[in-house]
Each structure stands twice: as C-alpha cells, then as structure tokens.
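Thanks for sharing this one. Here are my notes, set out as numbered points to read alongside the model.

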Amino acid sequence: MTGSPRTPRPRTRRAGVLRPVAGVVAGLAMVGAALTACGGGDSNEAGTKEFLIGFQGPLSGENQQLGINAYNGVLTAVDLANRTGGLPFTLRIVASDDQGVPEQGPTAAQKLIDNPDVVAVVGPVFSAPTKASEPLYSQTGLLSVSPSATAPVLTDLGFTSFYRVIAPDTVQGAGAAEYLAKVVKARRVYSLDDRSEYGTGLSGAVERGLKQAGVAYTHDGINPTKDYTSQATKIMADGADAVYYSGYYSDFALLTKALRSKGYDGAILSGDGSNDDQYIRQAGAANAEGTLITCPCSDANTDPAATGFVSEYKKVNSGLKPGTYSGEAYDATNAIISVLRKLGTGASRESVLADFGSVDLPGVTKRIRFERNGDVQGSTVYVYQVKDGQRVVLGPVSSLVKP
C-alpha cells in the first residue's frame, strides 16, 4: 500500500444499504484503491505506470445492491493487488453506472471505451445491459468480463471480447428444474418471468428441464409492476403447487408479498437475480420465510476455502460481508490482473484481450478457465432458503437430490 491518502470510495451508508454517491450515479467515477494521485493516466506522481480497470453495472436503480456487491468485489481485488501484488504498476477503478437497464448500457460502455487508459472492464452485471453494450466492446476490442450476466444467448451472438465467470442459465435452469422435480416434488409449476433478457433466458431453461422431468408447467410473463395482486390471483387459479420467478429481487419481493396475502401455500422460488438480503427486507421476513432461491454461486461467507477473501473484503469494505456476485467480480478482476502481471508495463487493450482466453487460475468461486466461446468451465448450482429471516445455503442441487 502506498502512503498517499485513499480516494473516497463511490458509496455512502444510508439506512443500512450501500448506495453510490453522486459521482457514480452520474455515470462515471474514478476510484483510487490505495493509490497515489493520478498523473494523467500513463503514470502517477511517483512515476509508476498506472492501468485503469473499468466497472459497468447498476450502481443505482431498484436492483442496485447486486451491482454494489460486484463493485465491492472489484475494489477488494484491486486494493489487495496494489498492496501486496508486487506489481510494476498501480491499478485504478473507473466505474460506469448502467442502472441495470438496457437503455443505459451503451452509454455506460461508451464512457469506458472513450477513456484510453481503460485496458479491461469487469461487467456488465445484468444480462440486458450486457447484450446492449457488447457490440461496442467487441467493435473496439476492449475486454469485458461479466461476473453475473447469465443469459445463455450472450455467448452465441458473436461477441469477440466477452467472457463471463458465471455459468449460463442453461446450467441454473436445469438445476432448478431438477430440484423442483425431485426435492420439491412439484406436480405443476407456474413459471413466471419479467420479460427481460435475463428472465426469459432463465424461464426457458427451467421449463425445458421441467419438460424433460415430466413436470407440468404454465408459462407466463409480466413486466415489472408495483402491484402483483392480479398476478397472484392468476397463479392461485392455475392450481400450481410451486412458483418459479425469473427476475430480480425487487419484483420477487412484491410477488411474494402478493402470494402470501392471497394465502398461497405452495413452494415459492426464484433465481440468482433474487439472491440478496434486500429481497428479505423488501418482502418482509415473515413473507420471505421458507422461500427458495437457486444460484450458480456459493456463499463465500460459509465456504472454509474463502476465509481469506472474506477477511480482505471486510477489511476493504468497512466490515461488510460479501454478497451475491462479490466473489465472481473478485475472480474476474484477478483474472484481468493476472494477464496484466504477465504482460507488464507494456500491456495494452489488444494484448490483454489476446491473452485473456488462456487464463487458468484458482478463484474464490471456482477455477477460472474458459471455453472458446467465453463461458467459464464448470459450475455448481446451489439452493438457498430463507430461514428465520436469513438466507441459508442448503447445498448444491447435486447433493440435495440424492436419496
């Protein structure tokens, strides 16, 4: 760590929730992670080469916590590398807020692209902004590594600079369907999505798995709304004994409240977009109790192999625990740093992108190695349940379905 004062991080604490400050909400902020002052991008005041790592994700909006979780993972990796990495350069983060919506994706991406000192990007975080942003990243040859965009189509669209360290929803959907069939023992599932790139990709994968397992289902989609009463009425009339919602936590919370108010007593499930404590806060602990969430991600806080990461994360982020996507963002950042370390001070966008496909390193969430299309190799789907107001990891689907 250098002896210079730390540049303020782009967030403040309010009502127990981390929120970005105005500079990040505006769309672009430079964040020093234990760095000396910036000296024009090529080097800092001490004469050390400096590289910028971009971050694109929702740092504002209804589902911002997932973006903040990821950003804090990036910050942890950069802070640790600058303090202990023995690097011949220093690192700085440039954050660009896309609010988690596709309309803001290209604008957020372009701000990072236009900064010539950004050599790689962690993000985008959500699938729809990723689909909207990646044509720009590919056109300019700027590497982007998503910690969390799971829509299966993203690695089938010909993007040339896109990688992700989380499994696509073909994996999560199959795991969720298996759990519904063999553990929940659902006879009929109401599969509801939010009509987003993420939601439709996940619901389609779940439904294919249900069909293969011989479980009947009803497909439906609903744009995010503030009142799910009529949707809950439709679900009750359908007679499904399980509901699987493919969308994000802010809407899953409202749907859960509506279902509980109608007296629905079937199983209520959602996917990784709902896997955050904000879901419990917004739904209310009593309503959320017993609900289930699938995720191709483990909980670092309960993983003995991740204790070092958890300790560093808390140190860098004022005692906060890692959240969903924190570990994945940490791994994505470390993968980029490993390439920069190899290339040294002569690294460029072109050389970083050219070398990234050969990354092979042990991560916090999994071993980070990639298929030719940019998908990470291997993954495990976990099931979480809300118990006594807390998200608890029940275990991987592969172990939960065993007799």
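1. Leu269 has Leu292 of strand 13 as its bridge partner. This is a predicted model, so please read every value below as computed from it. Strand 12 (residues 267–270) and strand 13 pair in the parallel sense, over two bridges. Strand 13 also pairs with strand 16 (residues 382–387), this time antiparallel and through four bridges. In that second pairing, Cys295 stands opposite Tyr382 of strand 16.

2. Which way do the side chains of strand 13 point? Leu292 and Thr294 point one way from strand 13 (residues 292–295), while Ile293 and Cys295 point the other way. All four are buried. As background, side chains in a regular strand alternate between the two faces of the sheet.

3. Now for the sheet as a whole. It is an open sheet of seven strands with mixed pairing, in the order 10-9-11-12-13-16-17. Strand 10 and strand 17 stand at the edges with a single partner strand each, so one side of each is left without a neighbour in the sheet. On average, neighbouring strands of this sheet are turned by 25° against each other, direction ignored. At the strand 17 end, six bridges join strand 16 to strand 17, and the two run antiparallel. Tyr382 has Pro396 as its bridge partner in strand 17. Tyr382 is worth finding on screen, since Cys295 of strand 13 stands opposite this residue too.

4. Two helices deserve a look against this sheet. Helix 6 (residues 197–213) packs on the sheet and touches strand 9, strand 10 and strand 11 (242–246). The direction of helix 6 makes about 165° with that of strand 9. Helix 7 lies across strand 9, strand 10 and strand 11, and runs at about 160° to strand 9.

5. Cys295 comes up again here. How many disulfides does a search of the whole structure find? The search finds one. Cys295 and Cys297 form this disulfide, with their sulfur atoms 1.9 Å apart. The angle about the S-S bond is 110°, and the link is right-handed. Both cysteines, Cys295 and Cys297, are buried.

6. On to the charged pairs. The count comes to 14 salt bridges. One of them joins the side chains of Glu62 and Lys226, at 2.4 Å from N to O. Glu62 lies in the loop between strand 4 (49–57) and helix 2 (64–84), and Lys226 in the loop between strand 10 (216–221) and helix 7 (229–238), so the pair ties together parts that are 164 residues apart in sequence. Glu62 is partly exposed, at 45% relative accessible area, and Lys226 is exposed, at 63%.

7. Helix 7 also takes part in a salt bridge. The side chains of Arg188 and Asp238 meet at 3.2 Å, N to O. Arg188 lies in strand 9 (residues 188–193) and Asp238 in helix 7, so this pair ties together parts that are 50 residues apart in sequence. Arg188 counts as partly exposed at 29% relative accessibility, and Asp238 counts as partly exposed at 23%.

8. Strand 17 has a salt bridge to look at as well. Asp277 pairs with Arg391, and their closest N and O atoms are 2.8 Å apart. Asp277 lies in helix 9 (residues 277–283) and Arg391 in strand 17 (residues 390–396), so the pair ties together parts that are 114 residues apart in sequence. Asp277 counts as partly exposed, at 29% relative accessibility. Elsewhere, salt bridges that share partners join Asp79, Arg83, Glu312 and Lys315 into one network.

9. What about the nonpolar interior? The largest nonpolar core holds 91 residues, and those touching the most other members are Phe55, Leu91, Leu143, Tyr279, Ile336, Leu340 and Phe356. Helix 2 gives the largest share of this core, with eight residues. In soluble globular proteins, nonpolar side chains tend to be buried together.

10. One last residue to check is Asn317, in the loop between helix 11 (307–316) and helix 12 (326–343). Is Asn317 buried or exposed? Asn317 is buried, with a relative accessible area of 0%. The C-alpha atoms of Asn317 and Thr76 are separated by 7.7 Å, although the two residues are 241 residues apart along the chain.

Methods. Residues numbered from 1 in each chain as written. Predicted model: local features only at pLDDT ≥ 70, side-chain atom pairs only at ≥ 80, totals over all residues. Heavy atoms only, no water. Salt bridge = Lys/Arg side-chain N within 4 Å of Asp/Glu carboxyl O. Buried < 20%, exposed > 50% of the residue type's maximum accessible area, 1.4 Å probe, protein only. Core = buried A, V, L, I, M, F, W, Y, C linked by side-chain atoms within 4.5 Å. Pairing = 2+ DSSP bridges. Axes fitted to C-alpha atoms, helices over the stretch in contact; angles between N-to-C directions. Contact = heavy atoms within 4.5 Å. Disulfide = S-S within 2.5 Å.
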